[in-house]
Amino acid sequence: MSKRQEMREKRTRQQRNNRIIAISLISLGALALAFLFIYPSIRPVGEVVAAEPNPRPQANMNSMGDPNAPVKIVEYFDFQCPYCRVFWEDTEHRIVEEYIATGKVYFISRSMGNFVSDNINQSLNTLNTESEDAAHAAYCAGDENKYWEYHDTIFTNWNGENEGAFARKRLDAFAETLGLDMAAFKACMDSNKYMDLVQQDAVDGIQAGVNGTPSFVINGKLIEGAQPFSVFQQEIEAALAAAGAN
C-alpha cells in the first residue's frame, strides 16, 4: 500500500471515529434531556412528616382572627423562602397567642406567586414552578378548611429551594397525609382553580411595595423580613394606639 493510500485510510478512519463520537455525544445529551423531563414523574415521593397541631383562631381559608379587629396584617410569603419558614417557626405563634386570639389582629396569609422560583429560574435558566404550585395547593386544601394545616405541612417538610420538596407528587402526598378528599384535591390542582388568585397575590404584593419575602403590611405600613417578635409587637402596639384600641 502506498503512503498516499495509507494517509487516505487514516483520514477515513478518523472521520468515522469523529462521527461516532459526535453521534454518541448527541445521544447522551438527548438521554440527559429526556431524563430531566421524565425524572419528576418517577422520582420517589420520600418521607412526609406530619405537622404538629397548630390551631388558628377563627380560621377562614387563608385568614385567621376577627375580621373586625383594629389591626390588620397581610403577610406576603413564599413557601420556598427559608426566612418565611423562620417567621412561621419562631414568630407567628406568638402573634397568634398575644394578638390574634385576643381579637386585636386580623391576619391574612398571601403568596408572592412564583417569586423564589422565578428568581432562581432567571439565574439558572430553568422553568421551576414549585413556589406557585405550593401556594396553589394550599388554596386547594382550603376548599376543605385545611389551608393552615396544609400550610404547616409544607413548612414542616421544607428542605431547600427548588429541591423538589414541592413537586406535584409531594403536594399530593401532603394532601393525603391530611386526609383530604384526593379526587377533589387533584381536580382542583389539575384545573388550576386558584392559579389566578396566586398570581393576583403577587401583583398586589408588588403594588404594596414588596421586594422580598416575607413582608408584612400592618395597617398600611410595610415591614420587611423575618423580624423578631419584638419588632412586630412594637408595630402592632403602635397601630393599636393609632386606632385607639389599646
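## Close-up views of a predicted model

**Figure 1. Helix 5 within the predicted model.** Of the 13 residues of helix 5, 12 are buried, so this helix is largely enclosed by the rest of the structure. The model shown here and in the other views is predicted. The buried positions of helix 5 are E130, S131, E132, A134, A135, H136, A137, A138, Y139, C140, A141 and G142. Their cover includes one strand element, strand 3 (105-111), together with helix 4 (115-124), helix 6 (147-156), helix 7 (168-177), helix 8 (182-190) and helix 9 (195-207). The length of helix 5 (residues 130-142) can also be checked: at 1.5 Å a residue its 13 residues should span 18 Å, and the end C-alpha atoms lie 18 Å apart, which agrees.

**Figure 2. Helix 7 and the residue that follows.** Buried residues in helix 7 are R170, L171, D172, A173, F174 and A175. Helix 5, helix 6 and helix 8 are among the elements that cover them. Helix 7 thus appears in the cover of helix 5, and helix 5 in the cover of helix 7. After helix 7 comes G179, which has a positive phi near 75 degrees.

**Figure 3. The five-stranded open sheet.** The strands are arranged in the order 1-3-2-4-5, with mixed pairing. Strand 1 (63-64) and strand 5 occupy the edges and have a single partner strand each, so one side of each is left without a neighbour in the sheet. Across the pairing of strand 1 with strand 3, which is antiparallel and has two bridges, S63 faces I108 of strand 3. Strand 2 (residues 71-77) runs parallel to strand 3, and the two are joined over seven bridges. One residue pair in this view is Y76 with its bridge partner R110 in strand 3.

**Figure 4. The two faces of strand 3.** Seven of the seven residues of strand 3 are buried, and the strand is mostly covered. In a regular strand, side chains alternate between the two faces of the sheet. On one side of strand 3 are V105, F107, S109 and S111, and on the other are Y106, I108 and R110; both faces are covered, as all of these residues are buried. Two residues of this strand also take part in the pairings of the preceding view: I108 stands opposite S63, and R110 is the bridge partner of Y76.

**Figure 5. The hairpin of strand 4 and strand 5.** Strand 4 (residues 215-218) and strand 5 (residues 221-224) form an antiparallel pair with four bridges. S215 is placed opposite E224 of strand 5. Two residues lie between the strands of this hairpin, where N219 adopts a positive phi near 50 degrees.

**Figure 6. The second largest pocket.** The space in this pocket amounts to about 270 Å³. It is lined by 19 residues, of which N54, R56, K146, W148 and E149 are the closest to the centre of the pocket. Helix 6 supplies the largest share of the lining, with five residues. By type, the lining comprises nine nonpolar, five polar and five charged residues.

**Figure 7. Overview for locating the close-up views.** The protein chain contains 10 helices and five strands. Of its 246 residues, 40% are buried. Among contacts in the chain with a separation of 6 or more, 76% are between residues 24 or more positions apart.

Key: Residues are numbered from 1 along each chain as its sequence is written. This is a predicted model: local features need pLDDT of at least 70, side-chain atom pairs count only at pLDDT 80 or more; totals for chains, interfaces and linings use all residues. Side-chain values use heavy atoms; hydrogens and water are left out. The expected span of a helix is 1.5 Å times one less than its number of residues. Buried means under 20% relative accessible area, exposed over 50%, partly exposed in between (1.4 Å probe, protein chains only). Contact means heavy atoms within 4.5 Å. On a 1 Å grid over the protein atoms alone, a cavity is a set of points where a 1.4 Å probe fits but cannot get out, and a pocket is an open set with protein on both sides within 12 Å along at least five of seven lines; lining residues have an atom within 4 Å of a point. Grid points are joined across faces, edges and corners, and a volume is the space filled by probe spheres set on the points. Ala, Val, Leu, Ile, Met, Phe, Trp, Tyr, Cys and Pro count as nonpolar, Asp, Glu, Lys and Arg as charged, and the others, Gly among them, as polar. Two strands pair if DSSP finds at least two bridges between them.
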